[in-house]
Amino acid sequence: MKTKELIFSLHGNEFSEQLTQRFIRIYTIMLITSVLVFATCFTLREIVATEETPEKKGLEDAPAAEILPERQKRSRENITNVIPNLNNVHQRLQALEKKLETLLRPKYGDSWFSSYFLGGNGRNNGRGIVGPPGPPGKDGAVGKPGQPGKSGIKYVRWGRATCPSGAQIVYKGLIGGGYYLYQGGGVDYLCLPSSPKYDKYKDGGQNSGYMYGAEYQVSTFNPFKKNLHDHHAPCVVCFVKSRASMLMMPARNDCPSGWTEEYHGYLMTAYHNQKKQHNFICVDEDAESYSGTRAKKHGALLYPVEGVCNSLPCRPYVGGRELTCAVCTK
Ligand SMILES: [Ca+2]
C-alpha cells in the first residue's frame with residue numbers, strides 16, 4: 001500500500017478535515033495579501049498621475065538640459081513619498097500577522113507562521129500540544145459501611161468454673177501442671193477440659209512427660225472465702241467479643257484506666273523451694289473446688305505469692321504480704 005493511502009486509511013475523516021481547514025486559511029491570507037498589494041499599486045498610480053499634471057506639461061517646452069536634472073529631482077521626491085506608504089503597508093501586515101498568530105497559537109504553538117507554511121514537526125500525531133493538567137476533581141461520595149471487624153479476646157479464669165457477666169464460656173475444666181517434686185516437664189499451668197478426647201495412644205507408662213491436677217496449698221494462709229486447702233482447682237476459658245486485648249495485672253486488684261476488670265484475686269504459683277517451677281497465675285478471690293471434696297493427691301501445687309524485700313522496693317511493697325492480681329480486657 002502506498003504511503004498516501006496508508007495515511008488516509010489511518011486518519012480518515014480527521015485528516016480530510018484538517019486538510020480543508022488549512023486550505024481555507026491559505027486562501028484567506030492570499031486574499032488579504034492581494035487586497036493590500038492592490039491598495040499599494042493604486043496609491044503609487046495616484047502619485048505618478050499627480051506628477052504628470054501641469055508641471056509635467058511645462059517641462060515639455062523646456063530645453064533638454066534643464067529637463068533631465070528636474071526629472072531626477074522629482075523621482076527622488078516621489079521615492080521619498082512612497083517609502084512612508086510602504087512602511088505603513090508593512091506595519092499593517094505585521095499587525096495582521098500578530099492577530100492571526102494570537103488566534104491560532106493554541107493549536108499551532110509559538111511558531112505557527114513557519115509551521116504553517118513550512119509544515120509542522122508532527123508532534124503528538126498532529127493533535128496539538130497537550131495542555132497543563134486540570135484542577136483536582138471533587139471528593140467522591142462516602143462509601144458504604146464496611147463489614148464488622150473481627151475482634152474479641154479470651155482469657156482463663158483460674159479457680160472458677162463460670163465466666164463473669166458479658167463473657168461467654170469457651171470450655172471449663174480443671175487446672176493441670178507438672179509434679180511438684182520433678183524438675184522436668186512444662187512450667188505452665190494449663191486449663192484442662194473436663195472431658196478429654198484421645199487419638200492414638202498406648203496405655204501404661206512409657207517414661208514420658210507428665211500432667212497432674214493442681215491443688216490449692218493454703219494451709220498456712222487461706223486468702224479465699226472457702227477453705228480450699230488440698231482441693232483440686234477448677235478453671236474456665238472465657239471469651240469477650242466486644243474487646244480485643246487482655247492484661248493480667250500483677251500486684252493490683254484493679255485495672256488501669258480504660259480497661260474493664262473481668263475478675264481479681266491472688267497470684268499463685270509453685271512453692272519457692274521445691275524443684276518444680278511454674279508460672280504465675282491469677283486465681284479468682286472467690287476460688288472454688290473442682291470436685292467439692294478434698295483431694296490431697298499432691299500433684300501440681302498452687303501457693304500464694306509473697307513479696308520479698310531487698311529485691312522489691314519496700315515500701316510501697318511489703319515483705320511477706322500476699323500479692324493480688326486482676327485480669328483486665330480492653
Ligand atoms: Ca504471708
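These are my notebook entries on a predicted model of one protein chain.

**Entry 1. Overall composition and confidence**

I began with the secondary structure and found five helices and ten strands in the protein chain. The chain holds 330 residues, and 18% of them are buried. I then looked at contacts with a separation of 6 or more, and 72% of these link residues 24 or more positions apart.

The average pLDDT of the protein chain is 81, and 73% of the residues score at least 70. I noted two stretches with low scores. Over residues 6-12 the pLDDT stays under 50, and the model gives this stretch three contacts beyond four places in sequence. Residues 53-62 also have a pLDDT below 50, with four contacts beyond near neighbours in sequence.

**Entry 2. The nonpolar core**

I looked up the largest nonpolar core, which has 40 residues. Those with the most contacts inside this core are Trp158, Ile175, Ala233, Cys235, Met268, Val283 and Leu302. Which elements give two or more residues to this core? I listed strands E1 (153-158), E2 (168-177), E4 (212-216), E5 (234-240), E7, E8, E9 (300-304) and E10 (324-329). As background, nonpolar side chains in soluble globular proteins tend to be buried together.

I followed up on alanine 233. Setting aside neighbours within four places in sequence, alanine 233 is in contact with Trp158, Gly159, Leu174, Ile175, Ala214, Glu215, Tyr216, Ala287, Tyr290 and Leu302. Three of the core residues listed above, Trp158, Ile175 and Leu302, appear among these partners.

**Entry 3. Strands E7 and E8**

I checked how strand E7 (residues 260-269) pairs with E8, and the pairing is antiparallel over four bridges. Methionine 268 has isoleucine 281 of E8 as its bridge partner.

Is strand E8 (residues 281-284) buried or exposed on its two faces? Both faces are covered, with Ile281 and Val283 buried on one side and Cys282 and Asp284 buried on the other. The general pattern behind this reading is that side chains in a regular strand alternate between the two faces of the sheet.

**Entry 4. Isoleucine 29**

I located isoleucine 29 in helix H2 (residues 13-51). Isoleucine 29 counts as partly exposed because it has 16 C-beta neighbours inside 10 Å, and 20 or more would be needed for a buried residue. I also took the C-alpha to C-alpha distance from isoleucine 29 to leucine 96, which is 9.6 Å across 67 residues in sequence.

**Entry 5. Cis peptide bonds**

I found a cis peptide bond between cysteine 314 and arginine 315, with omega about -15°. The bond from arginine 315 to proline 316 is cis too, with omega near 10°. Arginine 315 is in the loop between E9 and E10, and proline 316 has its place in that loop.

**Entry 6. Positive phi outside glycine**

I noted asparagine 207, which is not a glycine but has a positive phi of about 50°. Asparagine 207 is in the loop between strand E3 (190-193) and E4. Why is asparagine 207 classed as exposed? The class follows because 5 other C-beta atoms lie within 10 Å of asparagine 207, and a residue with 12 or fewer counts as exposed.

Alanine 251 is not a glycine either, and its phi is positive at about 65°. I placed alanine 251 in the loop between strand E6 (246-250) and E7. Alanine 251 has 15 C-beta neighbours inside 10 Å, so I entered this residue as partly exposed.

Technical notes. Residues are numbered from 1 along each chain as its sequence is written. This is a predicted model: local features need pLDDT of at least 70, side-chain atom pairs count only at pLDDT 80 or more; totals for chains, interfaces and linings use all residues. Two strands pair if DSSP finds at least two bridges between them. A nonpolar core is a set of buried Ala, Val, Leu, Ile, Met, Phe, Trp, Tyr and Cys residues joined through C-beta atoms within 7 Å. Two residues are in contact if their C-beta atoms, placed from the backbone, lie within 7 Å. pLDDT is the predictor's confidence in each residue, from 0 to 100.
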